[in-house]
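Please examine the sequence and the three-dimensional structure shown here. The paragraphs that follow lead through the surroundings of the ligand and then through the sheet.

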Amino acid sequence: MNIAGFLKSRRGNWKVRRAESRLLRRFTGIADEISESQWEESLANPTEFYQHCFHYFHTRLPKSLREHRAYFESNGRGFGERSFHVMWFLLFRKFAPENFLEIGVFRGQTLSLAAMLARHFKFDASMQGISPFSPAGDAVSKYRHDLNYYEDTLENFAHFSLPAPGLLQAYSTDRMAAELIASQEWSCIYIDGNHDYEIARRDWDLCASNLRTGGLIVLDDSGLTTSYAPSPILSTAGHPGPSRLAKEVDRTHFREILQVGHNRVFQKTAL
Ligand SMILES: C[S@@+](CC[C@H](N)C(=O)[O-])C[C@H]1O[C@@H](n2cnc3c(N)ncnc32)[C@H](O)[C@@H]1O
């Protein structure tokens, strides 16, 4: 990164931190616990629920998980938003998935969070990522070129003393990736690779047919077609491709159970 890029990113980070402090000042005391019966509220009032998750992050989430987020917030190691750590915490607490697949790994923030959550809740879970581990982007995303993404992901796992995950260096549309996805029934899949509609659609179709009944697909960047109103500095509602896809999800086979910002969670209800 050149000096102008460095300064721009530092200014951006400072603005985000300031907006976070402002949002936090709107709350007093410790956030209420989020029970499963409240998940439906996330669909009816996604903006309010997102803010509850933000408050929860700062006042209830275990310190080790907040530190994990802080690590990925530094040095541009990760995307996402603090409330998403709460979403994964709620999902792993309730479902304890025995295996987890992430399409689109970047530097390993979510994959390592999943591994940390399994450790936190004391259950065994296998972790698998599929990603080109290159700067490959799409119509709405660009990634830096000066990084070995594969080694970096492994280093980030090691930083938290987590066992190395399974990593397949491939595009999700490659034959090897399709074979890996079809090689077992998955409990939880996070789709966050290429955001172009056609690719996201292919990812969904392949993942949906290899998900066990009761399993979850979390679709990133898919909130544009909901009433979720992001805060301009802190959060985004997502991208057109995944948002269109979310609207098309077959509701006779999937039930939407949770929304945290632009992440929407679908549970497979039938084969
Ligand atoms: C937004 S980043 C993922 C962030 C990551 N999920 C996390 O939570 O930290 C998207 C990633 O998907 C990768 N990617 C792009 N095209 C892909 C494809 N066809 N299949 C899998 N991954 C892809 C990009 O290179 C990038 O690493």
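A backbone N or O atom of S172 lies 2.9 Å from a nitrogen atom of the ligand, a polar contact in the sense of a pair of N or O atoms within 3.5 Å. The model is predicted, so local features need pLDDT of at least 70 and side-chain atom pairs count only at pLDDT 80 or more, whereas totals for chains, interfaces and linings use all residues. Residues are numbered from 1 along each chain as its sequence is written, and side-chain values use heavy atoms, with hydrogens and water left out.

Further polar contacts involve E102, with a polar side-chain atom 2.7 Å from a nitrogen atom of the ligand, and A136, with a polar backbone atom 2.7 Å from an oxygen atom of the ligand. Taken alone, the ligand exposes 600 Å², of which the protein buries 96%; such areas come from the Shrake-Rupley method with a 1.4 Å probe. Two or more residues of the shell around the ligand come from each of β1, α6 (109-120) and β2. Helices (H or I, at least four residues) and strands (E, at least two) are DSSP runs, numbered from the N terminus.

The ligand is surrounded by 19 residues, and E102, G104, T110, A136 and D192 come nearest; a residue counts as near if one of its heavy atoms lies within 4 Å.

How are the strands of the open sheet ordered? The seven strands follow the order β3-β2-β1-β4-β5-β7-β6, with mixed pairing; two strands pair if DSSP finds at least two bridges between them. The edge strands, β3 (166-169) and β6 (254-260), each pair on one side only. Strand β2 (residues 126-131) pairs with β3 in the parallel sense over four bridges, and S131 stands opposite Q169 in β3.

Notes
A polar contact is a pair of N or O atoms within 3.5 Å; within protein, one must be able to donate a hydrogen and the other to accept it, and residues adjacent in sequence count only if both atoms are side-chain atoms.
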